[in-house]
Amino acid sequence: MPTENTDDLIMEFKQLTANLATMQHQVVKMLAENEELRIENQHLHDLLDAHEKKHQGVQVLSKSKQNLEKLYNDGYHICNQYYGKSRLQNESCIFCTEIIYGER
Amino acid sequence: MNFSINRVAFIKALNVVQRAISAKTTIPILTGLKIDVTDHEIMLTGSNADISIQTTISTANPDNELQIQATGSLVLSPARFFAEIVKKLPDRELQVDVADQYQTTIKSGNSEFNINGLDANGYPHLPEIDHEHQIELPAKLLREVISQTVIAVSKQESRPILTGVHFTLEKHLLAVATDSHRLSQREVELESPLTSPADFVIPGDSLKELSRMLDDEEDLIKLSLSENQVLFTFGETQFYSRLLEGNYPDTSRLIPNSSDTKVQFAAGELLAAVERASLLSHESRNNVIKLTIKPADKQVMITGNSPDVGKVEENLEPQALSGNDLEISFNPDYLREALRVFGSVPVEVAFTSALRPFTIKPLERPDEFIQLITPVRTF
């Protein structure tokens with residue numbers, strides 16, 4: 001019977017849509033959770049690194065220098081000459097490293 | 001203008017001046033050769049706006065067989081064409097005669113060329129030179145200073161000021177070049193210090209050209225300054241170069257004053273090892289090699305790695321080794337170019353940390369010459 005078949009199909013589709021919606025919801029929730037955990041993990045790693053460095057007697061950078069270091073490691077110049085320009089092919093820059101790690 | 005001259009002597013002078021003349025130039029008259037004839041000498045000038053070369057042929061030197069009948073100035077364009085003619089002329093002498101409208105006749109043996117010249121007033125004037133800022137250096141020393149610094153000059157036109165070598169003259173001559181990845185600095189004691197200090201930036205390309213011209217020179221080279229040009233005088237020749245405009249970044253504080261780890265090598269041996277390791281790093285995307293230093297175990301290891309191809313490890317044999325353990329990664333090409341200028345002398349490589357530049361100095365006279373290379377962060 002054609003009508004019965006269509007009804008079945010419609011039912012099936014409704015079920016699928018509902019499933020899909022739940023799944024989407026779950027994915028979003030998981031992504032959010034993942035991001036939270038990632039940030040949390042980063043914080044913990046930072047703490048751990050700072051702790052380890054203190055133990056080894058390596059200089060610990062000030063907050064502002066850490067920010068500069070982060071920008072530099074993200075691929076941007078932070079030196080006076082090329083401030084804000086991206087570092088081509090992640091090449092090292094003598095002026096940036098002086099500002100971040102220099103003895104000033 | 002009318003003169004006759006020994007052809008070989010004339011060709012020699014033409015070859016010198018032609019180094020500056022380029023067929024591609026934005027100012028058409030610069031494709032030409034300028035000839036000025038005065039009572040006792042001929043002066044040839046060639047220029048490409050960046051560099052200008054002037055050389056004189058004097059009646060005082062009998063080899064020139066120079067006889068001047070009439071003075072005057074003229075531009076012959078293109079210079080290459082004129083030089084080809086002179087080189088192919090049949091006789092050992094040639095005669096140049098300029099008539100009205102710059103009609104130039106070149107005669108040698110049975111051959112006679114008629115070519116069109118140009119008014120020399122259309123040719124740019126070379127700058128007046130300031131004699132207050134003047135120093136003299138032996139040609140060999142100047143060649144050395146150039147070869148040690150031009151390697152670090154930037155090749156990127158986006159950073160114009162870094163495409164030159166920064167000279168500071170006072171009690172010493174200090175030459176610095178950096179492309180922001182590495183730096184090279186040479187210091188030379190001046191015999192007669194300048195009364196007032198000067199600093200200027202000479203384009204790296206000009207210095208390379210100058211260095212080529214100094215190959216056979218042995219005498220003193222005189223360096224003088226003007227507003228925006230520098231002049232090198234040697235023998236019969238004057239070499240002008242434009243200076244780069246702008247402020248050169250302060251490089252004095254880039255050079256570390258202390259170090260934690262020091263290693264001594266024979267420059268040649270380290271160079272060979274770096275070249276081997278770079279064979280693999282060149283195949284990898286980021287072109288980095290790693291140096292692992294363990295002073296306690298007397299071990300220095302160089303590693304090159306390319307995920308697609310494979311890896312190389314080599315234990316080095318340093319002549320001396322002291323300080324803390326260190327692992328540092330960097331672009332091998334910079335170290336290779338740096339080591340090449342040292343030849344086979346012993347060098348000291350000094351490190352502060354894995355993230356700060358390391359230095360390379362000759363063991364003998366370490367205050368004169370220093371090179372810096374920035375490490376690359378690896379994850």
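**Pockets, interfaces and salt bridges in a two-chain model**

Let me start with a pocket in chain B: α1 (7–18), β4 (51–58) and α4 (204–213) of chain B each contribute at least two residues to the lining of the second largest pocket. Please keep in mind throughout that what we are looking at is a predicted model.

Staying with that second largest pocket, the space inside comes to about 650 Å³, and its lining is made up of 23 residues, with Lys12(B), Val16(B), Thr55(B), Glu236(B) and Thr237(B) lying nearest the centre. Which element gives the most to this lining? That is α1(B), which supplies five residues. If we sort the lining of the second largest pocket by residue class, we find seven nonpolar, eight polar and eight charged residues. In terms of domains, at least three lining residues come from domain 1 (2–122) of chain B, and at least three from domain 2 (130–252) of chain B.

That brings me to how chain B is divided, where the domain assignment gives domain 1 (2–122), domain 2 (130–252) and domain 3 (255–373). The C-alpha centres of domain 1 of chain B and domain 2 of chain B are 30 Å apart, and the contact between these two involves 10 residues from domain 1 of chain B and 11 residues from domain 2 of chain B. The size of an interface is often given as the accessible area that is lost when the parts come together. For domain 1 and domain 2 of chain B, the buried area is about 1000 Å², with carbon and sulfur atoms giving 44% of that. Across this same domain interface the rule finds two salt bridges. Asp50(B) and Arg242(B) form a salt bridge in which the closest N and O atoms are 2.6 Å apart.

While we are in this part of chain B, two backbone details deserve a mention. Ala49(B) has a phi near 80°, which is a positive value in a residue other than glycine, and this Ala49(B) sits in the loop between β3 (41–47) and β4 of chain B. The other detail is a cis peptide bond from Ser77(B) to Pro78(B), with omega near -10°, where Pro78(B) belongs to the loop between β6 (72–76) and α2 (79–88) of chain B.

Let me turn now to the pairing of the two chains. The contact takes 24 residues from chain B and 17 residues from chain A, and the area buried between them is about 1900 Å², of which 53% is given by carbon and sulfur atoms. Of the area that chain B buries against chain A, 28% is supplied by Arg253(B), Leu355(B) and Arg356(B), more than any other three residues. How many salt bridges does the rule find across the interface of chain B and chain A? The count there is two. Arg253(B) also appears in a salt bridge with the side chain of Glu98(A), at 3.3 Å from N to O.

On the side of chain A, the domain assignment gives domain 1 (1–57) and domain 2 (59–104), and the C-alpha centres of these two domains of chain A lie 35 Å apart.

There is also an enclosed space to report, since the count by this rule comes to one cavity of 30 Å³ or more. The largest cavity holds about 140 Å³ of space, and it is lined by 14 residues, among which Tyr72(A), Asn73(A), Arg87(A), Val376(B) and Arg377(B) are the closest to its centre. From chain A, α2 (63–73) and α3 (94–101) each supply at least two residues of that lining. By class, the lining of the largest cavity divides into seven nonpolar, four polar and three charged residues.

I will finish with salt bridges over the whole structure. Side chains of opposite charge can pair when their charged atoms come close. Over all chains, the structure holds 22 salt bridges. In one of them, the side chains of Arg182(B) and Glu337(B) meet at 3.0 Å from N to O. Because Arg182(B) lies in strand β13 (residues 182–189) of chain B and Glu337(B) lies in helix α6 (residues 332–340) of chain B, this pair ties together parts that are 155 residues apart in sequence.

Definitions and conventions
Residues numbered from 1 in each chain as written. Chains lettered and ligands numbered in written order. Predicted model: local features only at pLDDT ≥ 70, side-chain atom pairs only at ≥ 80, totals over all residues. Heavy atoms only, no water. 1 Å grid on protein atoms, 1.4 Å probe; cavity = no way out; pocket = protein on both sides within 12 Å on 5 of 7 lines; lining within 4 Å. Points joined across faces, edges and corners; volume = space filled by probe spheres on them. Helix = DSSP H or I, 4+ residues; strand = E, 2+ residues; numbered from the N terminus. Nonpolar A, V, L, I, M, F, W, Y, C, P; charged D, E, K, R; others polar. Domains from an automatic or database assignment. Contact = heavy atoms within 4.5 Å. Buried area = accessible area lost by both parts, 1.4 Å probe. Salt bridge = Lys/Arg side-chain N within 4 Å of Asp/Glu carboxyl O.
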